[in-house]
Amino acid sequence: MSWRKIVAAILALCGIYSALAAADAPATTPVSTPAKAAAPSTPAKSELLLFCYFKGNGDGLHLAASDDGLQWTALKGDKTFLTPQVGKEKLMRDPSIQLGPDGVFHAVWTCSWNDHGIGYADSKDLIHWSEEKFVPLMENDDKTRNCWAPELFYDAANQQWLIVWSSTVPGKFPETDGQDASATNPGYNHRIYYVTTKDFKTFSATKLLYNPSFNSIDAAIFQDGKKFVLVFKDESNAPFPVQKNLKLAFAEVATGPYGPATEPISPPGVWSEGPTPFKMGNKWYVFFDEYRNGRYGLISSTDLKTWTDMTGQFTLPKGIRHGTVFHAPADIIEALKKAE
């Protein structure tokens, strides 16, 4: 056999072995690299802000959208997305909405001036809603006068929701009873309560969340690093020194105990209520209802100690009342913009 035939035979055998090796190798998925990689989406574009609120005496759920926290546009022509169906007076005041880890938006609201519970509904897109239900919160205390301004907070460490609200239980805190009293109204004297839930079907026993030793309402929890922060209204009125301002309290865990109330953080002399906190970049913002002035106010801070009055540096829908700012995916908001 010539040397040329020997070389050809060796090369042929090498080809057979290569083919066998390739057949035994694990399958791989080809990776193609685009000529120009798409820029990653930024948090400001992939997750934007919504403001849920009510108008008038509690006509229903309104929504406004913003990508910077300052310029807000009412959605659906400022018509309601949900009409209240539960409670003695079927109101929808003080709505609070938050997106859960299950991809569902949960909503709670004040459904009556004087009742023992609140309204609840949920939605995956904020357009189509579940059947509304009445959630009794103070049914074990017949003296309770009301359940006002519920707020939602998801406690990630314990994988549970907190519902926080204010109630007046006559005689429970006698040292500050008698505020706003008249011949026909014994007055309100609120403290801040909470329940926990994992599914909005079963709820823990009601507990006192915070007693700052004065009449207090409109509480909301937010988390700043490892600290949990309660922002709320000091509702003190005659015959006690009138306050009507916003304060903070701090805790190591969401359910407290919360420490002493800070000095007021809202502008001096401005009667303020309905605070809603949110964060953009490294700055905390708190919108609030200047209910005597018929408008909204805004303050901001980077350290929760020094606050800057930003009133007049934003736009909100006309007639907006006590609501909550929350985050939502951009695709949800785009669909809301097309809702009729």
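The following dialogue concerns one strand and the cysteines of a predicted model.

Biologist: Is strand β10 enclosed by the rest of the structure or exposed, and why?

Modeller: A residue is called buried when its relative accessible area is under 20%. In strand β10, residues 190-197, 8 of the 8 residues are buried, so the strand is largely enclosed by the rest of the structure.

Biologist: Which residues lie on one side of β10, and which on the other?

Modeller: His190, Ile192, Tyr194 and Thr196 are on one side. Arg191, Tyr193, Val195 and Thr197 are on the other. Both faces are covered, and each of these residues is buried.

Biologist: Which strand is joined to β10 by 8 bridges?

Modeller: Strand β9, residues 160-168, is joined to β10 in this way, and the two run antiparallel. As an example of the pairing, Trp165 has Tyr193 in β10 as its bridge partner.

Biologist: How many bridges connect β10 with strand β11?

Modeller: There are 3 bridges between β10 and β11, residues 207-210, again in the antiparallel sense. Here Tyr194 stands opposite Lys207 of β11.

Biologist: Turning to the cysteines, how many disulfides does a search of the whole structure find?

Modeller: A disulfide is a covalent bond between the sulfur atoms of two cysteines. The search of the whole structure finds 0 disulfides. Cys147 has the sulfur of Cys111 as its nearest cysteine sulfur, 8.3 Å away, whereas a disulfide requires the two sulfur atoms to be within 2.5 Å. Cys147 is therefore in no disulfide.

Biologist: Are Cys147 and Cys52 buried or exposed?

Modeller: Cys147 is buried, because its relative accessible area is 1%. Cys52 also counts as buried, at 0% relative accessibility.

Definitions and conventions
Residues numbered from 1 in each chain as written. Predicted model: local features only at pLDDT ≥ 70, side-chain atom pairs only at ≥ 80, totals over all residues. Heavy atoms only, no water. Buried < 20%, exposed > 50% of the residue type's maximum accessible area, 1.4 Å probe, protein only. Helix = DSSP H or I, 4+ residues; strand = E, 2+ residues; numbered from the N terminus. Pairing = 2+ DSSP bridges.
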